[in-house]
Amino acid sequence: MKKELFSVIAFMMAIVTFKAEAAEPVKADLGADIVSTYVWRGTKMDGLAIQPSLGLEWEGLSFGAWGSTGFTGDFRELDFTL
């Protein structure tokens with residue numbers, strides 16, 4: 001799953017370089033957090049984890065991706081918004 005998560009992020013970063021022929025360019029927001037414990041709805045799911053995020057906006061349309069993957073456990077999450 002880590003490979004797929006980073007492949008999706010690399011693909012989305014490639015999209016950031018795209019500019020439409022219209023006057024409005026693609027706006028991007030890229031980030032990542034490292035957390036000591038990943039808690040989902042009050043339940044500890046994993047220990048140390050990295051949580052990358054990406055947001056793209058173009059002509060009123062926005063796309064977002066957020067993920068979490070642990071360094072020690074098997075819990076992974078990948079969420080998309082449009």
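A salt bridge here is a side-chain nitrogen of Lys or Arg within 4 Å of a carboxyl oxygen of Asp or Glu. Keep that cut-off in mind for the first view; the model throughout is a predicted one.

**View 1. Glu77, a buried acid with no salt bridge.** Glu77 sits in strand S6. For this buried residue, the nearest side chain of opposite charge belongs to Arg41, and that is 8.6 Å away. With the salt-bridge limit set at 4 Å, Glu77 ends up without one. What its side chain does have is a polar contact with the side chain of Tyr38, at 2.3 Å.

**View 2. The neighbours that Glu77 touches.** Leaving out residues up to four places away in sequence, Glu77 touches Tyr38, Trp40, Trp66, Gly67 and Ser68. Tyr38 is also the partner in the side-chain polar contact.

**View 3. The open sheet, S1-S4-S5-S6.** Four strands line up in that order, and their pairing is antiparallel. Strand S1 (27–35) and strand S6 (76–81) are the edges, each pairing on one side only. On average, neighbouring strands here are turned by 10° against each other, direction ignored. Strands of a sheet pair through backbone hydrogen bonds.

**View 4. Ala65 in strand S5.** Strand S5 covers residues 61–70, and 8 bridges join it to the antiparallel strand S4 (residues 49–58). Zoom in on Ala65 and you'll find it is the bridge partner of Leu54. Ala65 is counted as buried because its relative accessible area is 8%, under the 20% limit. Asp79 lies 14 residues away along the chain, yet the C-alpha atoms of Ala65 and Asp79 are separated by 5.7 Å.

Conventions:
Residues numbered from 1 in each chain as written. Predicted model: local features only at pLDDT ≥ 70, side-chain atom pairs only at ≥ 80, totals over all residues. Heavy atoms only, no water. Helix = DSSP H or I, 4+ residues; strand = E, 2+ residues; numbered from the N terminus. Buried < 20%, exposed > 50% of the residue type's maximum accessible area, 1.4 Å probe, protein only. Pairing = 2+ DSSP bridges. Axes fitted to C-alpha atoms, helices over the stretch in contact; angles between N-to-C directions. Lys, Arg positive; Asp, Glu negative; His and termini not counted. Polar contact = N/O pair within 3.5 Å; in protein donor to acceptor, adjacent residues only side chain to side chain. Contact = heavy atoms within 4.5 Å.
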